[in-house]
Amino acid sequence: MITIINDYIVAFLHPFKTHEALRHNRHKALVNLRSSGLTIADQSHVEHQEHLKNEGLSFVEVLSVSWIMAIINGIYSVGLIYLGFLTTESMSDSDAFSFLINDEISVEGQKVLISWSIIQAIFFPVTLWFYSKVWMVVVKFFGSLFNFEGDLESVSAQVVNHSIVTNVFLIVPIFGEMIRHFSSIIYLFAGLKNNMGLTTLQSLIVVCSPLFIFVLLIVLVVVYFSTLFAML
């Protein structure tokens with residue numbers, strides 16, 4: 001577990017260097033594998049094959065560490081909500097601020113926020129799995145489109161899995177969630193450019209593609225309803 005955490009932190013601190021190292025190691029292992037020719041597979045041959053398949057953090061590994069970050073974030077959230085509750089009570093006891101407080105809305109709102117924080121922590125693995133699957137599809141599609149040479153499946157997994165290390169930002173109170181979302185784009189870009197070897201433009205196209213798709217869907221919905229209303 002200590003080794004996994006160490007690799008996780010290194011990938012977080014040095015995203016571009018990490019992906020560059022992964023690409024270099026993969027190329028080196030591939031050269032060694034090809035140099036063995038068509039001889040009977042010996043121990044080194046098997047090791048090179050395993051090296052090609054298992055290099056980098058796996059999804060289970062990044063999920064394990066990220067879930068810890070999510071739990072810490074949940075504790076922060078509940079603590080801040082409770083602090084807000086104490087502040088609300090203090091203000092309600094003061095004649096100068098009591099008119100600003102609506103007890104019913106405050107209590108109900110706090111219950112909802114606490115419940116939401118707990119649900120987020122519990123179902124974090126599901127949301128992370130969904131995130132990885134969506135980006136795997138996107139990265140594999142564009143990798144195939146841009147004629148990536150190599151094991152597209154494993155390299156795409158490396159790119160996506162190593163972007164998940166941005167969950168470290170979840171330990172930052174209040175702004176951690178927002179920072180995590182923005183930084184994950186940078187980490188995906190690092191993997192696409194330094195691991196898959198895509199150009200800067202190609203990498204930007206990949207990371208921006210979900211936004212393009214979202215805008216396109218909105219345009220299609222607007223056009224559809226506009227046409228529907230025009231026919232009435």
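Arginine 180 is buried in this predicted model, its relative accessible area being 14%, a value that falls under the 20% limit for burial. The side chain of arginine 180 meets that of glutamate 177 in a salt bridge, with a distance of 2.4 Å from N to O. Because the two residues are three residues apart in helix 8, which spans residues 176-194, arginine 180 and glutamate 177 are separated by about one helical turn. Glutamate 177, at 28% relative accessibility, counts as partly exposed, so that this salt bridge has a buried arginine and a partly exposed glutamate.

The structure holds two salt bridges, and the other one is formed by the side chains of glutamate 153 and lysine 140, at 2.7 Å from N to O. This pair links distant parts of the chain, since glutamate 153 belongs to helix 7 and lysine 140 to helix 6, with their positions 13 residues apart in the sequence. Glutamate 153 is partly exposed, because its relative accessibility is 43%, and lysine 140 is likewise counted as partly exposed, with a relative accessible area of 30%. In general, side chains of opposite charge can pair when their charged atoms come close.

The setting of these pairs is helical, as the protein has nine helices and zero strands, and reading along the sequence gives the pattern α-α-α-α-α-α-α-α-α. Of the 232 residues, 31% count as buried, while the accessible surface comes to about 14800 Å², of which carbon and sulfur atoms account for 71%. Among contacts between residues at least 6 apart in sequence, 71% join residues that are at least 24 apart.

Arginine 180 is also one of the residues in contact with phenylalanine 124, a list that, once neighbours within four places in sequence are left aside, further includes Ser66, Trp67, Ala70, Asn167 and Leu170. Phenylalanine 124 lies in helix 6, which covers residues 124-145, and it counts as buried because its relative accessibility is 6%. The C-alpha atoms of phenylalanine 124 and leucine 63 are separated by 9.0 Å, although the two residues are 61 residues apart along the chain.

A further buried position is serine 163, in helix 7 (residues 152-163), which has a relative accessibility of 0% and therefore counts as buried. The side chain of serine 163 is joined to that of tyrosine 131 by a polar contact of 3.0 Å. Apart from its neighbours within four places in sequence, serine 163 is in contact with Tyr131, Ser184, Tyr187 and Leu188.

Tyr187 appears again among the aromatic residues, where Phe12, Phe169 and Tyr187 form one aromatic cluster. A search of the whole structure finds six aromatic pairs. One of them is the pair of phenylalanine 12 and phenylalanine 169, which is edge-to-face, with 5.1 Å from centre to centre and 70° between the planes. Since phenylalanine 12 lies in helix 1 (residues 2-13) and phenylalanine 169 in the loop between helix 7 and helix 8, the pair ties together parts that are 157 residues apart in sequence. Phenylalanine 12 is itself buried, with a relative accessible area of 14%. The rings of phenylalanine 141 and phenylalanine 142 also form an edge-to-face pair, because their planes stand at 85°, and their centres are 5.1 Å apart. Phenylalanine 142 is buried as well, its relative accessible area being 13%.

Backbone geometry draws attention to two loop residues. Most residues other than glycine have a negative phi, whereas asparagine 147, which is not a glycine, has a positive phi near 60°. Asparagine 147 is placed in the loop between helix 6 and helix 7 and is exposed, with a relative accessible area of 63%. Isoleucine 174 likewise has a positive phi, of about 70°, although it is not a glycine. Isoleucine 174 is found in the loop between helix 7 and helix 8, and it counts as exposed because its relative accessible area of 64% is over the 50% limit.

How values were computed. Residues numbered from 1 in each chain as written. Predicted model: local features only at pLDDT ≥ 70, side-chain atom pairs only at ≥ 80, totals over all residues. Heavy atoms only, no water. Helix = DSSP H or I, 4+ residues; strand = E, 2+ residues; numbered from the N terminus. Buried < 20%, exposed > 50% of the residue type's maximum accessible area, 1.4 Å probe, protein only. Polar contact = N/O pair within 3.5 Å; in protein donor to acceptor, adjacent residues only side chain to side chain. Contact = heavy atoms within 4.5 Å. Salt bridge = Lys/Arg side-chain N within 4 Å of Asp/Glu carboxyl O. Areas by Shrake-Rupley, 256 points an atom, 1.4 Å probe, with all protein chains shown as cover. Phe/Tyr/Trp six-rings, centres within 6.5 Å; stacked < 30°, edge-to-face > 60°.
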